[in-house]
Structures are given as C-alpha cells and as structure tokens.
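Biologist: Hi! Could you walk me through this one? I'm new to reading structures, so plain words please.

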Amino acid sequence: MTEETTQKATLLPDYSGLSDDQLMEMSGREFADAVVERAKLWAWDVIDPEKYTITELDPDEMQQVRIKWAERHAWMEWWFGVPVPAKQLVLLPNEDFGIKLLLSQQIIDEVKHQRLLSRRAAALGGSAKIERYVPEPEIVANAPEKMVDSESPLEIAAALQCTGEVIVNENTTSRSVLFRVLDEETQQLFVDEIAPDEIRHIGVGVKIVTKYASTPELRRLVLKIQGRKFLTTYPRYLVDYRRFGIERTAPEPVVDGNTEAS
Ligand SMILES: [Fe+2]
Ligand SMILES: [Fe+2]
C-alpha cells in the first residue's frame, strides 16, 4: 500500500444536498463567511507540510526555482489582481460606490505586490520585467485573463476574493509547506507587505457575496464556481510545489461528496 492510500482525504462541508430553504436560512453574510471558511479548510489541507515529502535540491537548482517562482508570482499578482477586480469595479452599479472604492484599493495593492515580487526576482538574479515572463502550461490552463470574460461581479468574487485569494493568503504563511523552501527575504515580504492587504481583498469579496448571492440559485452557483476553482487550483499547486522537490503524499480534499464538481 502506498503512503497516499493510507491517508484519508479531508472532507469539506457538503452544501450540494441542502434544500433551497436550508441554503436561504443563512443570512447573506453567514453564507459569504461559510464560502470563505470552506476555502480556508481546503487551503489548510493543501498547504499542510504533513501531507508532503521534501527532497532537498542542490543550491544552484534551488536558486533557479526561487527566481522562477518570484517571476511567476509577480506575473500572477498582476493578471489575477488588476484586470479581474477592475472588471468588477466597472460592472458594479454606482449604488455600490463603497465597494468600487475598495476594489480600486485592491488594484493599487496588487500592483504593489507585483512590483515587490518583481524586485525580489531581480534581487535573486532573475528579471523584474513581467512582460518577458512566459506562462508555464499549468498557468495557461488556468488562464487568469479568462476570468474577465465573466459579466458577473458575484461570479468573479466567488472565484477570486472568496476562494483564490483565501488560498494564496494561507499558502504564504509559516503554516505552509511553501515556507520550508522559500528564502527568508521572500517569506518576510509576504508576512510584512502582502498578507495584511489580502485580508482586505477577501473582505471585498465577502461584501459582494453578502449582497448579491440573494437567491438559492445564485448561492448554488457560487458554491459550484468555488468547487471548480478548487479542482483547477489543486494540480497547479502540486506543480508549483514539485519544482521545489515537494511531493504530495495525501489524497485531494473532497468537495461536495465528490471530486468532480460539475
Ligand atoms: Fe496580491
Ligand atoms: Fe489580493
């Protein structure tokens, strides 16, 4: 029996069987908090160092992997962090002016994150120019630019602020297996400069879901989008970790009773 088969999969809260009435028993805010909480539970499993083995790379190889990681994540800060909330900002009506202001702050923050990581990439010996970065296949498969195809600020919030950003935020803490392999200065960058902003971005998503996930159908849609995001993020994370010599030994967390969110 392999090590993987001896570990039990984490079962996430299963909302797929809830009736319309049960789904609507939660207030908008309670529902939004439940969505964020489920993303945290998923992330805590996927970042858990106990669920991986780490093979030490030789120092030169490790340096190259760290450079590429910083370049890749600088690029992602911009692609996920700028056009996507900008689309939400444009789509939301003027009555949501408060949320629009928060989204403009998010865009400022994400540009700052991109620049910090670009500078870090250059300090490690790589390039600060994200326009020169060529996305790897697992990034192309997740195509962040496709997220701006959506015409719904709610659907974007379900995928971005209430799922993707929750996962990134957990992945860049000392609890994450990633912190066993990143250099100390990059770790410090996340702790001091990036993580405090991410909490605010998740808060913007909570406001959007609280207001707009107002029917059972819309709540099911939010949950379905989140389930899909888990499924597409999982292989991307495993590839990202594998470059550092980190191999998963546990099964994928189970969402809504199955691993095939449809
Ligand atoms: Fe960010
Ligand atoms: Fe963010």
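Biologist: How do the residues of the lining of the largest cavity divide into nonpolar, polar and charged?
Modeller: Happy to help, and keep in mind that this is a predicted model. The lining of the largest cavity has nine nonpolar, seven polar and six charged residues.

Biologist: Okay, and which residues lie nearest the centre of that cavity?
Modeller: Those are M76, E77, F80, G164 and V168, out of 22 residues that line the largest cavity.

Biologist: What volume does the largest cavity have?
Modeller: The volume is about 320 Å³. The count of cavities of 30 Å³ or more comes to one.

Biologist: Which helices each supply at least two residues of its lining?
Modeller: Look at α4 (59–81), α6 (97–124), α8 (153–171), α9 (184–212) and α10 (216–242).

Biologist: Let's switch to the metal. What are the protein donors of the iron ion (ligand 1)?
Modeller: E77 and E110 each donate through OE, H113 through ND1, and E198 through OE. These donors lie 2.0 to 2.3 Å from the iron ion (ligand 1). You met E77 a moment ago, among the residues nearest the centre of the largest cavity.

Biologist: Why is the arrangement of those four donor atoms irregular?
Modeller: The four donor atoms subtend angles of 89 to 147° around the iron ion (ligand 1), and that makes the arrangement irregular. For a tetrahedral label, all angles would have to lie between 85 and 135 degrees.

Biologist: What spacing do the donors follow along the chain?
Modeller: The spacing for the iron ion (ligand 1) is E-x32-E-x2-H-x84-E. E77 sits in helix α4 and H113 in helix α6, so this pair ties together parts that are 36 residues apart in sequence.

Biologist: Are E77 and H113 buried or exposed?
Modeller: Both E77 and H113 are buried.

Biologist: And what does E110 bridge?
Modeller: E110 bridges the iron ion (ligand 1) and the iron ion (ligand 2). The two ions lie 3.4 Å apart.

Biologist: Zooming out, how many helices and strands does the chain have?
Modeller: There are ten helices and two strands. Along the sequence they run α-α-α-β-α-α-α-α-α-α-α-β.

Biologist: What about the overall size of the chain?
Modeller: Its C-alpha atoms fill a box of roughly 55 × 50 × 30 Å along the principal axes. The radius of gyration is 18 Å, which agrees with the value near 18 Å for a compact globule with 262 residues.

Biologist: Last one: what percentage of the residues in the chain is buried?
Modeller: Buried residues make up 53% of the 262.

Note on methods
Residues are numbered from 1 along each chain as its sequence is written. Chains are lettered from A and ligands numbered from 1 in the order in which they are written. This is a predicted model: local features need pLDDT of at least 70, side-chain atom pairs count only at pLDDT 80 or more; totals for chains, interfaces and linings use all residues. Side-chain values use heavy atoms; hydrogens and water are left out. On a 1 Å grid over the protein atoms alone, a cavity is a set of points where a 1.4 Å probe fits but cannot get out, and a pocket is an open set with protein on both sides within 12 Å along at least five of seven lines; lining residues have an atom within 4 Å of a point. Grid points are joined across faces, edges and corners, and a volume is the space filled by probe spheres set on the points. Helices (H or I, at least four residues) and strands (E, at least two) are DSSP runs, numbered from the N terminus. Ala, Val, Leu, Ile, Met, Phe, Trp, Tyr, Cys and Pro count as nonpolar, Asp, Glu, Lys and Arg as charged, and the others, Gly among them, as polar. Donors are N, O and S atoms within 2.8 Å of the metal (3.2 Å for Na, K and Ca); water is not among the atoms, so sites may look incomplete. Four donors count as tetrahedral if all angles lie between 85 and 135 degrees; four count as square planar and six as octahedral if opposite donors are over 155 degrees apart and all others between 65 and 115; anything else is irregular. Buried means under 20% relative accessible area, exposed over 50%, partly exposed in between (1.4 Å probe, protein chains only). The radius of gyration is taken over C-alpha atoms; the globule rule is 2.2 Å times the number of residues to the power 0.38.
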